[in-house]
Every structure is written in C-alpha cells, then in structure tokens.
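Biologist: I'm new to this one, so could you pick a single spot and walk me through it closely? Start right at the spot, then work outwards to the whole chain.

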Amino acid sequence: SFLNLIQHCLMLIGCLGLVVASYYWFLIPTVILGLFTFYIFSTCLPTTKALETIESALWRPVEAHFVMSEDEIVTLRSLKASEFYRRQFAEHQDRHTSSLFLLQSATEAISLWLSLACVVYTTCITFAFYLLNVERSIVALATYSCLVMTNMLPFVVTDSTLASRLLETAGRMILTGELPQETSANLINSGVDNNACKLIHLVYSGI
C-alpha cells in the first residue's frame, strides 16, 4: 500500500505539472485545488483515524470469541452455553460491522468530495482552453492529465487510509514489544487459567 500510495502521488504531481506547463495561468486553479485537498484531508483524517481505532477495538472481541470457541468448545457444550455464546458473538459482530461501515463511508465521502473538486477543476481547464488560442495537442494533453487525476484521487484516498492503518498497527506492535515480559515462574505460581475464568463469568452472567 505504501508503494501504491507513492506511485499514485507521483502520478498526480506529474499530471498537475503537465497542466501547469501547458499554460502558466493554470497555476492559480491548481493551487486552489491543492488547498482544498489539504483542507479536506486535515478535516477528515482525524475522523477516519478515530473510526479506525474504534473498528480495531471492536474487532478484538470478535477475534476473542473465535479463539475461545475453538479452544473451549467442549466446555461450552457441557455447560449448555452455546446459545448465549452465539447471541453475544452476534452482538459483537454487529458492532464491528457498523464501525467498519462507518469507516468505509467516511473514506468514500472523502473520495467523492475530491472527485467533485477534480471535475470542477477539469471543467475550468477545458473552458479556459476553449477561450484561449492554444494548440490542439497541448489541449488534449492537459485534458487527459485532468481526467487521469480525477480517476486517480480515489485510489490515493484509499491507499492513504490503508497506510495509516498499517502505521497504527506497527505502532501498537512496537508498544507491545516494549511491555515488560512475564516470567514462567510468575505464570506457574499464579495457577489460574484466565480464559476459563472469563468463560465461566460469561456463562453465569447470562443465566
């Protein structure tokens, strides 16, 4: 995703450079488009990061239910807690699905606004060429660059979202690696199975 993000950003810079090189007055709408893009990203990225944090936090109970169902399936059946466990899993899955839908909706909204801005930018460039006396080859090259940029921006937004999620995951892995490790002696002396205690608490809390 990082490589795709870099490639798409370089392609966008190249397309904008071709448009500006075709007629130097096009630098003004290009700067306006850049400021609008910066405003959209600075406004919406904190929201998407918060939604990513919520989505990752709500995914952990779903993953824990998967692991516990594989390890403690005999205990669940013996305690006749399968139905309660299934209902609880459905609740966690609904919460995670809702947060994931909100995250995808926010990403698509950013892509939509940037695409609309690119459409307005392409329209301005096209009408400016209609009023100016410019060679057809330059007009075709600049218009094609605008269309490529319009199609490329949604991929940039998607890649930036994936890159931020990967960076957040890497940061959590680094923080986890910095935690003090537990020795085997402490685990043996505790003598308590945390998974079993959690399972019994879940079962009896639903009765």
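Modeller: Let's go with leucine 116, keeping in mind that this is a predicted model. Its relative accessible area comes out at 42%, and because buried means under 20% and exposed means over 50%, leucine 116 counts as partly exposed. You'll find leucine 116 in helix H4, which runs over 82-131.

Leucine 116 has company out there. Together with Phe36, Tyr39, Leu112 and Trp113, Leu116 makes up a nonpolar patch on the surface. Add up the accessible area of those five side-by-side names and you get about 540 Å². Leu116 can belong to such a patch because patch members need over 30% relative accessible area, and leucine 116 has 42%.

So where does the patch come from? Two elements, helix H2 (27-71) and helix H4 (82-131), each give two or more residues to the patch. H4 is the biggest giver, with three residues.

Now step back to the whole protein. It has seven helices and zero strands, so reading along the sequence gives you α-α-α-α-α-α-α. There are 207 residues, and 29% of them count as buried. The protein exposes about 13900 Å², with carbon and sulfur atoms supplying 68% of that area.

One last thing to look at is who touches whom. Take the contacts between residues at least 6 apart in sequence: 86% of them join residues at least 24 apart.

Methods:
Residues numbered from 1 in each chain as written. Predicted model: local features only at pLDDT ≥ 70, side-chain atom pairs only at ≥ 80, totals over all residues. Heavy atoms only, no water. Patch = residues over 30% accessible without salt bridge, like charges linked within 9 Å, V, L, I, M, F, W, Y side chains within 5 Å. Areas by Shrake-Rupley, 256 points an atom, 1.4 Å probe, with all protein chains shown as cover. Salt bridge = Lys/Arg side-chain N within 4 Å of Asp/Glu carboxyl O. Helix = DSSP H or I, 4+ residues; strand = E, 2+ residues; numbered from the N terminus. Buried < 20%, exposed > 50% of the residue type's maximum accessible area, 1.4 Å probe, protein only. Contact = heavy atoms within 4.5 Å.
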